[in-house]
Amino acid sequence: MQFKPAVTALVAAVALASLLSGCKKEEAAPAAPPPQVGVVTLQPQAFTLTSDLPGRTSAFRIAEVRPQVNGIILKRLFKEGSDVKAGQQLYQIDPSIYEATLASAEANLRSTKSISDRYKQLVDEQAVSRQEYDTAVANRLQSEAALQTAQINVRYTKVYAPLTGRIGRSSVTEGALVSNAQVDAMAVIQQIDPIYVDVTQSSVELLQLRRELESGRLQKAGDNAASVKLTLEDGSEYKLDGKLEFSEISVDQTTGSVTLRAIFPNPEHTLLPGMFVHAKLLAGVNSAAILAPQQGVTRDLKGTPTALVVGPDNKVELRQLKANRTVGNQWLIEDGLKAGDRLITEGLQFVKPGIEVKASEATNVAAKNPAPAQAADKASGGKGE
């Protein structure tokens, strides 16, 4: 079968046109440009390590007011909830029976003293025996002791404040019978200026902190090592700083924690015993800390923190991190990142390890928090962690 020349020419022309069109399309498709990412170049910073610990306030000193003699309460001489001073009279117990005993003791002492004085002259003249004189002297001494006891009991009918502080409610009223052997206190006085704050810290954290100080990764915070900041229940900052007094020498077996005690000035009585607070302890200074923005740190399926960085050849690298503490909007990196690394914080959804990218300064990260020159200052000023 033979084709006509015109048909053959037409088919050849169409085939040639299709071939040329395909070549033009292939030549017109340029290579895809590398994805754009925003990076933050990490720099070492001075950072003061702090521990934010829960705790409760407790009175500096506590005195339970109890009677030392039996009797009826005649007067209550203080206002409940007011401040009292040491030596201020709080109650008056009926002194009648004790005053009568005192008068009797005074009379008895005069009698025994008169006899012993007379016998002293007579024994020199051998008018009485030495034994009679010794008995008279003993009677006089007993009378003196009885007089002192009576005077003490009369004094105890006036109940005084043993210390300066704030007194609570009175458990007795006028007309109540009190006893020197009673269990319940008549009132409780608490000294709350200064005031204690007892906090607990995990023994594991204490061991980790000690190892970091011994290895040199952390330096002691100097004179501020024992400084403590306080956050109140409503989230406000207590304006006065405290200092760390001591820690328990043993670990609580039920909680695995150690109790730390700090002392705070409390001139305005803002802090009351039993309040729940948060204490911020200044532990040490890392002079070359690496702080990474939280936007650049994620976690894998195992919960391990990871980050993507741009390497020297502009290719993406995956890093596994060790980061257990947040500082504002940043992570404190213990391992996995170093100074000079370009951490990807913007465009993470478009990249994966091994591909080439085009890096520019990130726009989704605010100013460094804290700034290198302010890291230690903020921690010591109660604003940074």
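Colleague: How much area does the chain expose, and what share of it do carbon and sulfur atoms supply?

Modeller: Bear in mind as we go that this is a predicted model. The chain exposes about 22,900 Å², and carbon and sulfur atoms supply 53% of that area. As for what is hidden, buried residues account for 35% of the 385 residues in the chain.

Colleague: Which secondary structure elements does the chain come to, and how many of each?

Modeller: The chain comes to five helices and 21 strands. Where contacts between residues at least 6 apart in sequence are concerned, 76% join residues that are at least 24 apart.

Colleague: In what order do the four strands of the open sheet stand?

Modeller: To read a sheet, one follows its strands from neighbour to neighbour. Here the order is S6-S5-S3-S8, with antiparallel pairing. Strand S6 (158-160) and strand S8 (177-178) are at the edges and have a single partner strand each, so one side of each is left without a neighbour in the sheet. Helix H3 (residues 130-156) packs on this sheet, where it touches S5 and S6, and its direction makes about 65 degrees with that of S6.

Colleague: How many bridges join strand S5 to S6?

Modeller: Three bridges join S5, which covers residues 89-93, to its antiparallel partner S6. Within this pair of strands, Gln89 stands opposite Tyr160 in S6.

Colleague: Which residues form the nonpolar patch on the surface?

Modeller: The patch is formed by Ile72, Leu74 and Leu177, which together have about 270 Å² of accessible area. Of these residues, Leu74 lies in strand S3 (residues 71-76). Leu74 counts as partly exposed because its relative accessibility is 41%, a value that falls between the limits of 20% for buried and 50% for exposed.

Colleague: What should I look for in the backbone angles, and why would a residue stand out there?

Modeller: Most residues other than glycine have a negative phi, and most peptide bonds are trans, so a departure from either pattern is worth a look. In this model, the peptide bond from Asp193 to Pro194 is cis, with omega near 5 degrees, and Pro194 is placed in strand S9 (residues 187-202). His269 has a positive phi, near 55 degrees, and is found in the loop between strand S13 (257-264) and strand S14 (276-293). Asn314 also has a positive phi, near 65 degrees, and lies in the loop between strand S16 (305-310) and strand S17 (316-320).

Colleague: Is Asn314 buried, partly exposed or exposed?

Modeller: Asn314 counts as partly exposed, because its relative accessibility is 30%.

Notes
Residues are numbered from 1 along each chain as its sequence is written. This is a predicted model: local features need pLDDT of at least 70, side-chain atom pairs count only at pLDDT 80 or more; totals for chains, interfaces and linings use all residues. Side-chain values use heavy atoms; hydrogens and water are left out. Patches are made of residues with over 30% relative accessible area and no salt bridge: like charges are joined within 9 Å, nonpolar side chains (Val, Leu, Ile, Met, Phe, Trp, Tyr) within 5 Å. Accessible areas come from the Shrake-Rupley method with a 1.4 Å probe; for residues, only the protein chains shown count as cover. A salt bridge is a side-chain nitrogen of Lys or Arg within 4 Å of a carboxyl oxygen of Asp or Glu. Helices (H or I, at least four residues) and strands (E, at least two) are DSSP runs, numbered from the N terminus. Buried means under 20% relative accessible area, exposed over 50%, partly exposed in between (1.4 Å probe, protein chains only). Contact means heavy atoms within 4.5 Å. Two strands pair if DSSP finds at least two bridges between them. Axes are lines fitted to C-alpha atoms, for helices over the stretch in contact, and angles run from 0 to 180 degrees between N-to-C directions.
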